[in-house]
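User: I am a first-year student, and I would like to go through a protein model with you. Please keep the answers short.

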Amino acid sequence: MRGWTLKEVTRALQEGQISPTELCQRCLSLIKKTAFLNAYITVPEELAMQQATAAEQRLQRGESIGPLDGVPVAVKDNFSTAGIETTCASNMLK
């Protein structure tokens, strides 16, 4: 997975070489292994896995909502996201 292009990841998902839940678990594992980098402020693991499971079910039914369905995405902390704390890395906003 590491070093794969986005095109390779989407192809692997579509061909069933990797599932969205497995991909999500690998990404979450990598985030934990590299926590010393402080690259992520908030990691909503449970929500990520719920969304990966939903994507996997859609793919299994042939009802993908697009080519990126099942691909994990990180969102910069200065964008408001529903249900996830947004701090812009500022203690003032916590």
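User: How many positive and negative side chains does the chain have, and how far apart are the centres of the two sets?

Analyst: Lys and Arg count as positive, Asp and Glu as negative, while His and the chain ends are left out. Each charge is placed at NZ of Lys, CZ of Arg, CG of Asp or CD of Glu. The chain has 10 positive and 10 negative side chains, and their centres lie 6 Å apart.

User: What kind of model is this, and how are its residues numbered?

Analyst: This is a predicted model, where local features need pLDDT of at least 70, side-chain atom pairs count only at pLDDT 80 or more, and totals for chains, interfaces and linings use all residues. Side-chain values use heavy atoms, without hydrogens and water, and residues are numbered from 1 along each chain as its sequence is written.

User: Which pattern do the helices and strands follow along the sequence?

Analyst: Helices (H or I, at least four residues) and strands (E, at least two) are DSSP runs, numbered from the N terminus. The chain has three helices and zero strands. Read along the sequence, the pattern is α-α-α.

User: What share of the residues counts as buried?

Analyst: Buried means under 20% relative accessible area, exposed means over 50%, and partly exposed lies in between (1.4 Å probe, protein chains only). The chain has 94 residues, and the share that counts as buried is 20%.

User: What part of the exposed area do carbon and sulfur atoms supply?

Analyst: Accessible areas come from the Shrake-Rupley method with a 1.4 Å probe; for residues, only the protein chains shown count as cover. The chain exposes about 6,800 Å². Carbon and sulfur atoms supply 53% of that area.

User: Which helix gives the most to the largest nonpolar core?

Analyst: A nonpolar core is a set of buried Ala, Val, Leu, Ile, Met, Phe, Trp, Tyr and Cys residues joined through side-chain atoms within 4.5 Å. The largest one has six residues: Val9, Ala12, Leu13, Ile18, Leu23 and Val71. Three of them come from the top contributor, helix 1 (residues 6-14).

User: How many salt bridges does a search of the whole structure find?

Analyst: Side chains of opposite charge can pair when their charged atoms come close. A salt bridge needs a side-chain nitrogen of Lys or Arg within 4 Å of a carboxyl oxygen of Asp or Glu. The search of the whole structure finds four.

User: Where do Glu22 and Arg26 lie, and what is the N to O distance in their salt bridge?

Analyst: Both residues lie in helix 2 (residues 20-33), four residues apart, about one turn of the helix. Glu22 counts as partly exposed because its relative accessibility is 31%. Arg26, at 36%, also counts as partly exposed. Their side chains meet in a salt bridge with an N to O distance of 2.9 Å.

User: Why does Lys32 count as exposed, and how accessible is its partner Glu45?

Analyst: The side chains of Glu45 and Lys32 meet in a salt bridge, 3.2 Å from N to O. This pair links distant parts of the chain, 13 residues apart: Glu45 is in helix 3 (residues 45-61) and Lys32 in helix 2. Lys32 counts as exposed because its relative accessibility is 53%. Glu45 is partly exposed, at 32%.

User: Are Arg58 and Asp69 buried or exposed?

Analyst: Arg58 forms a salt bridge with Asp69, and their closest N and O atoms are 2.6 Å apart. Arg58 lies in helix 3 and Asp69 in the segment after helix 3, so the pair ties together parts 11 residues apart in sequence. As for their accessibility, both Arg58 and Asp69 are buried.

User: How far apart in space are Gln25 and Met49, C-alpha to C-alpha?

Analyst: Gln25 lies in helix 2. Its relative accessible area is 46%, so Gln25 is partly exposed. Gln25 and Met49 are 24 residues apart in sequence. In space, C-alpha to C-alpha, the distance is 7.6 Å.

User: What is the phi of Ala89?

Analyst: Ala89 lies in the segment after helix 3. At 62% relative accessibility, Ala89 counts as exposed. Ala89 is not a glycine, yet its phi is positive, at about 60°.
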